[in-house]
Each structure stands twice: as structure tokens, then as C-alpha cells.
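Open the model in your viewer and keep the selection tool at hand. The tour goes stop by stop.

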Amino acid sequence: MPILPKYRTEFTNNAERDIFTHAVNSGYFENNLKRYFIHSLRNQSAKRKVVGEVDFVYLDEHFIFFLESKGGAVKYDSVSDTWWVLGGTKKGDPFKQVTDYLFHFRDNLLNEFLPDKNYRSRLIFGYGVMFPDVEKKLTFTKNSKKSQTFKYETIEYDPEIVYSAVDHATPMSFLNYLERLKVYWKNHDKYVNREFYGIGLKGVDDIRKVFRKDLIFEIPLKKVSIDENRKIDQYTEEQYHVLDSMSFLTNRGFIVSGGPGTGKTLIAKELAVRKNLEGSTVAYFCFNKNLSAEVYRYFRNTEGISVNVFYVHGFIYEHLSKASLIPNGDRQSDEYWREQLPAQFKMWHNSLNISQYDYLIIDEGQDIFTENIIDAIFCSLKGGIESGNWSIFIDYKYQGFYEGFDEDYFKLFVGTYPCSMSNLPLNCRNHDDIVKVASRHSGFEMMPCRRTNIPFKTKTSFYSSLNNLYKEIERICGEWIKDEIDCSDITILTTENELISKIMQNVGFGFHRVDEVSHKVKGKVTISTIHGYKGLENDFIIVAGIENYFPDEKENMSLLYVGYTRARLGLAICFSEDNKIKLAIKAMD
């Protein structure tokens with residue numbers, strides 16, 4: 001990975017984080033072993049802290065640059081020759097800091113770790129100081145002075161090697177700064193009259209290993225996963241504020257809308273717990289069979305809580321079956337499950353011995369919001385819809401591939417029955433890059449994210465055959481598993497049911513196909529269709545085998561959007577090469 005270390009969740013300051021993000025987004029270092037961008041260097045073996053830290057190192061066959069970043073205001077007092085950093089509140093000379101590290105690495109560490117190599121004389125050493133929040137270059141004149149730490153060295157103070165807000169405007173501006181440093185140091189007095197042949201790929205790899213071995217203390221991927229999941233839980237729980245307003249409402253229903261990742265299911269479960277603790281009997285309805293099973297397990301494992309969970313169509317079918325009232329019809333058609341079956345339920349509900357509950361919660365409302373299904377569900381609520389003892393969680397903007405949302409009936413419902421509506425605008429599950437890619441590929445509006453830090457950049461690849469796809473899945477999973485991620489934290493999602501068995505037969509990992517019994521099995525990669533996984537999530541998601549990409553079909557794009565946003569931490573997408581042109585055109589829209 002040409003950006004090292006691969007995993008980073010915390011930064012010492014915003015400037016360091018923003019510069020790292022520019023490096024990642026530039027694509028300049030991606031899959032290119034000729035150049036590296038190394039960050040978070042903390043040399044624990046240095047006796048003096050002054051040479052123990054530097055923010056970034058740029059390395060290629062000809063150049064090695066040490067870069068120090070300072071966020072906020074940076075002040076320079078020319079009278080006293082004093083620098084002030086940390087927003088102008090603390091004395092500190094960034095030029096001295098970065099050159100101390102450069103000299104220490106060049107004169108000490110290279111000799112220590114690569115004593116028989118002649119890399120010092122074959123590389124151009126340089127440095128830069130980065131002030132991304134400073135709007136204009138600092139008004140100090142070019143000068144130099146002796147280093148206090150390294151007796152025979154000189155520090156150059158030159159506005160030409162300062163990175164300012166202008167350089168920080170875009171990832172391309174960041175790359176232009178690196179090119180500017182190359183020109184500056186190549187033409188510097190130290191190097192201008194000398195020939196440098198570079199160190200070749202072998203030399204780049206040797207020095208990269210020195211940094212990795214001695215200086216970079218990389219965060220284990222498992223720890224990144226734990227830290228990020230803790231943040232997701234924290235951010236999602238912040239959404240509980242919508243429940244607080246419910247305590248002020250009486251005899252009114254509650255409709256909560258929000259896109260994928262906003263925490264609707266988590267909030268719905270919390271609401272069920274609160275209502276149950278208040279003494280109410282609670283029924284919880286889902287559209288997705290696998291999600292209802294997962295929610296059931298959640299309540300079963302929550303001490304002192306008794307909430308009945310139902311898969312909507314299973315609930316309707318089971319009651320009719322017990323009474324031998326199953327209607328004739330084509331059970332393979334959506335019409336049968338969406339209209340015919342619930343209409344039969346409504347007709348006979350008085351004779352079906354339906355349990356009555358004090359409070360009713362409907363999750364995935366967008367997939368079941370038709371008059372017959374809603375009426376059938378509310379047959380189990382004491383006092384019916386008019387009681388106001390209900391809540392519906394819904395996403396009618398992004399999740400539209402089941403065609404189970406009757407917009408006209410929804411408007412009639414909201415206008416007829418007393419209810420209050422609340423919106424969840426923030427995505428808490430996914431980080432910015434996942435949502436950005438999901439929006440770019442689908443054409444849907446990008447949701448604002450609570451998680452702006454990007455621990456993993458989303459990867460998109462193309463396969464020419466199914467065998468090529470199997471190898472790509474093995475490669476991606478292998479990289480994650482090598483970094484001590486349990487197989488159960490990885491899920492492969494497909495758009496077609498037939499592909500699942502093929503992947504399970506041809507990819508060399510143990511698999512668990514997601515079902516009602518269990519979502520995850522330790523030591524096995526989970527696999528499902530996107531349809532079957534709706535409402536669920538995992539740390540790492542591979543959306544594999546996308547053969548048919550139809551940008552003009554909302555249902556197709558909605559399916560992809562939902563699939564992508566199942567990922568909490570890392571996302572990889574595998575498209576058939578036949579879709580490469582269509583995807584490129586979509587990205588330019």
C-alpha cells in the first residue's frame with residue numbers, strides 16, 4: 001500500500017488529517033510502488049523528542065521529502081526571529097523541527113539500518129512546511145541559519161517551500177506542491193551541479209521497510225474496527241433525541257424517516273425497549289425476514305425485555321394458514337403478497353384470534369406501505385390506528401426496489417390520522433467515502449455523514465469472467481483476513497441469487513449463507529443477496545458480480561445504494577467489465 005500506514009483513525013491535528021485525505025483522494029499513490037506517502041512517523045528510539053516526530057515523508061526513486069504540518073494561524077516575529085504555532089499560541093519553529101528529523105534520518109538512521117547502501121548520495125533530500133489554514137504565504141524573506149541541534153548543518157527558511165491554503169485547495173493543488181518541491185530541491189545549491197541516478201525500486205522498498213520497521217507503529221486493523229464501531233454506536237445513539245420528543249406527545253402516532261445508515265432500526269429497537277419497560281406490550285414488524293430474525297435475537301438477549309417480533313408476510317400467512325383461509329393465487333407474484341393475502345387477512349381478521357398489543361412498531365415501512373398491509377398490521381393494535389400508540393420507521397427516498405410504497409396512500413394516511421413526523425438527516429453507519437461512491441454510482445443525492453474520517457478508501461474493480469471474479473473476491477477477503485479480521489466480519493453481497501452458490505463453490509473460504517437462524521458465524525464469511533441483507537450491516541462488504549448496471553432504472557440504482565451502505569468500515573465493489581463505460585459516463589454526470 002503506497003500510503004503508509006494503511007489504517008489511521010486519529011490525527012494530532014486537523015491539518016494533518018486534511019493533508020492525509022488529499023493524498024488519499026489524489027490517487028497519486030494508489031497501486032504505485034514507485035512512490036510512497038508515509039505519515040504518522042513517531043520514532044520511539046530517538047533520545048531527543050526534537051528528532052522523534054515528523055508528520056509526512058514523500059519518497060520515490062529520486063527524492064525524499066520530510067514534511068511538517070501546522071494547522072490554524074502561524075505567526076512569525078521577524079524582530080525576535082520567533083515562530084508561533086498552534087493557532088499562534090505556542091512557540092515552535094516548524095523549519096527546525098522538520099530539518100532536525102531529516103538530518104537525524106539521513107545521518108543516523110540510514111547508517112544504522114542500511115550501512116552498506118549508498119542511498120544518501122543517490123537521493124535528493126528536501127523538506128517543506130505545510131500551513132493549510134494560512135491564506136497567504138508568510139511575509140518573511142528568504143534566509144538561512146545554523147542548526148542548533150546538528151552542528152554542521154544549515155536550515156533554509158524560504159517561502160517557496162511553504163504549503164499554504166492555496167496549495168490546499170484541491171488534491172491536485174497538493175500534487176502541484178510536491179512537484180514544486182522537486183524543482184526547488186533539484187535546483188538547490190546542494191544538488192544543482194551533481195548527477196543523481198536515483199535508488200531504483202529496490203532502494204525505495206529498502207527505505208520504505210526502514211520507516212515501517214523502526215518508525216511506523218501501525219494501528220492493527222482489528223483495533224481500527226473496534227474504535228470505528230464504537231464511534232458508530234456513539235453517533236447513532238445521538239439520534240435518540242427523536243425519541244425524547246415522543247414523551248411530550250399523546251394520542252399521536254410517530255413517523256421517523258431517514259436514509260440508510262441513519263439508525264432507524266437501532267432507534268426502533270430502543271423505542272420498543274422503553275415502551276416495554278414502561279409496562280406496555282409491544283409488537284415489532286419488519287419486512288425483511290432476516291432482519292426480523294436479527295431483531296428477535298436482540299430482544300431475546302436483552303434481559304428483562306419481552307417484545308414480539310414479526311416478519312410481516314409471515315405474520316399474515318401464518319394466521320390465515322392456521323384458519324385454513326389461504327387464498328388461491330400465484331404465490332410467486334408480488335401482487336399475491338402485497339394485495340391478495342393481506343386483503344384476505346382483513347376480511348377474516350375477526351375470526352383469526354389475533355393477539356392485541358399496547359404499542360406497535362413498524363420498521364422498513366417503505367416496503368409495506370400499502371393500504372391492505374398497513375390495515376392488516378394494525379389489526380393487532382389495541383384501539384387501532386386512531387389510538388396513536390404506534391411508530392413507523394421509513395425510507396421512501398433511497399430504498400425503492402420492492403415497489404411496496406404507495407405514495408398516494410401514504411399522503412392520505414398522514415392527512416387522516418393524527419401523527420407527528422421526524423427526519424434523521426445524518427448517516428452514522430457509513431463514512432464519507434462509502435456514501436460518496438454510493439451516490440456517484442447510483443445518482444442518488446449524497447447524504448451528510450457524521451463520520452467524516454475515512455479509515456478505508458472504497459475500491460472498485462472490474463472482472464472479465466466469473467473465474468476472474470472468484471480470484472478478486474479471494475484477494476480482497478485474503479487481505480482483510482491477513483490483517484486479523486475475522487471472516488464473520490466480512491459479507492459478500494450479490495444482486496442475483498444464482499451467483500451465491502457459484503461463489504461458495506469456487507472461492508476458497510468457509511461461508512455462511514445469511515438466514516433466519518443466524519446472521520454471522522465466527523470463522524466464516526457471510527454471503528447473501530442484497531435483498532436478503534436489507535436492514536443488516538457488517539464491518540466489511542464486498543458487492544460482487546454486478547452484471548447489469550442500469551443508471552436510468554431507479555430500482556436498479558436503489559439496490560446498489562442499499563448494498564453499498566451495508567458497510568460500516570470497508571467497501572469493495574466488483575463490476576463486470578461490460579459496465580465500465582456506463583459507470584464512467586455516470587461518474588461524469
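E555 is the first selection: its relative accessible area is 33%, so it counts as partly exposed. Bear in mind throughout that this is a predicted model. E555 belongs to helix α18, which spans residues 554-564. Now add D334, E335, E403, D552 and E553 to the selection. Together with E555, these residues form a patch of negative charge on the surface. Show the side chains here; a patch member needs over 30% relative accessible area, and E555, at 33%, meets that.

**Next stop: a loop with a positive phi**

Select N353. Find it in the loop that runs between α11 (334-348) and β15 (359-362). Which sign does phi take at N353? It is positive, at about 55°, and the residue is not a glycine. Is N353 buried or exposed? Its relative accessible area is 71%, so N353 is exposed.

**Another loop, another positive phi**

Move on to E484. This residue sits in the loop between α15 (466-482) and β21 (490-494). Its phi is near 70°, again a positive value in a residue other than glycine. E484 has 61% relative accessibility and therefore counts as exposed.

**The cysteines**

Now select the cysteines and show their sulfur atoms. How many disulfides does a search of the whole structure find? The count is zero. Take C286 as one case: it is in no disulfide, and the nearest cysteine sulfur, in C379, is 19 Å away. C286 is also buried, because its relative accessibility is 0%.

Then go to C574. Why does C574 not bond to the closest cysteine sulfur? That sulfur is in C477, 9.1 Å from the sulfur of C574, which is too far for a bond. The cut-off for a disulfide is 2.5 Å between the sulfur atoms. C574 is buried or exposed, which of the two? With 1% relative accessibility, C574 counts as buried.

**Last stop: S164**

Finish at S164. Look in the loop between β11 (162-163) and α4 (171-186). Unlike the loop residues N353, which is exposed, and E484, also exposed, S164 is buried, at 3% relative accessibility. Add Y177 to the selection and draw a distance between the C-alpha atoms. S164 and Y177 are 13 residues apart along the chain, and their C-alpha atoms are separated by 9.5 Å.

Key. Residues are numbered from 1 along each chain as its sequence is written. This is a predicted model: local features need pLDDT of at least 70, side-chain atom pairs count only at pLDDT 80 or more; totals for chains, interfaces and linings use all residues. Side-chain values use heavy atoms; hydrogens and water are left out. Patches are made of residues with over 30% relative accessible area and no salt bridge: like charges are joined within 9 Å, nonpolar side chains (Val, Leu, Ile, Met, Phe, Trp, Tyr) within 5 Å. Accessible areas come from the Shrake-Rupley method with a 1.4 Å probe; for residues, only the protein chains shown count as cover. A salt bridge is a side-chain nitrogen of Lys or Arg within 4 Å of a carboxyl oxygen of Asp or Glu. Lys and Arg count as positive and Asp and Glu as negative; His and the chain ends are not counted. The place of a charge is taken as NZ of Lys, CZ of Arg, CG of Asp or CD of Glu. Helices (H or I, at least four residues) and strands (E, at least two) are DSSP runs, numbered from the N terminus. Buried means under 20% relative accessible area, exposed over 50%, partly exposed in between (1.4 Å probe, protein chains only).
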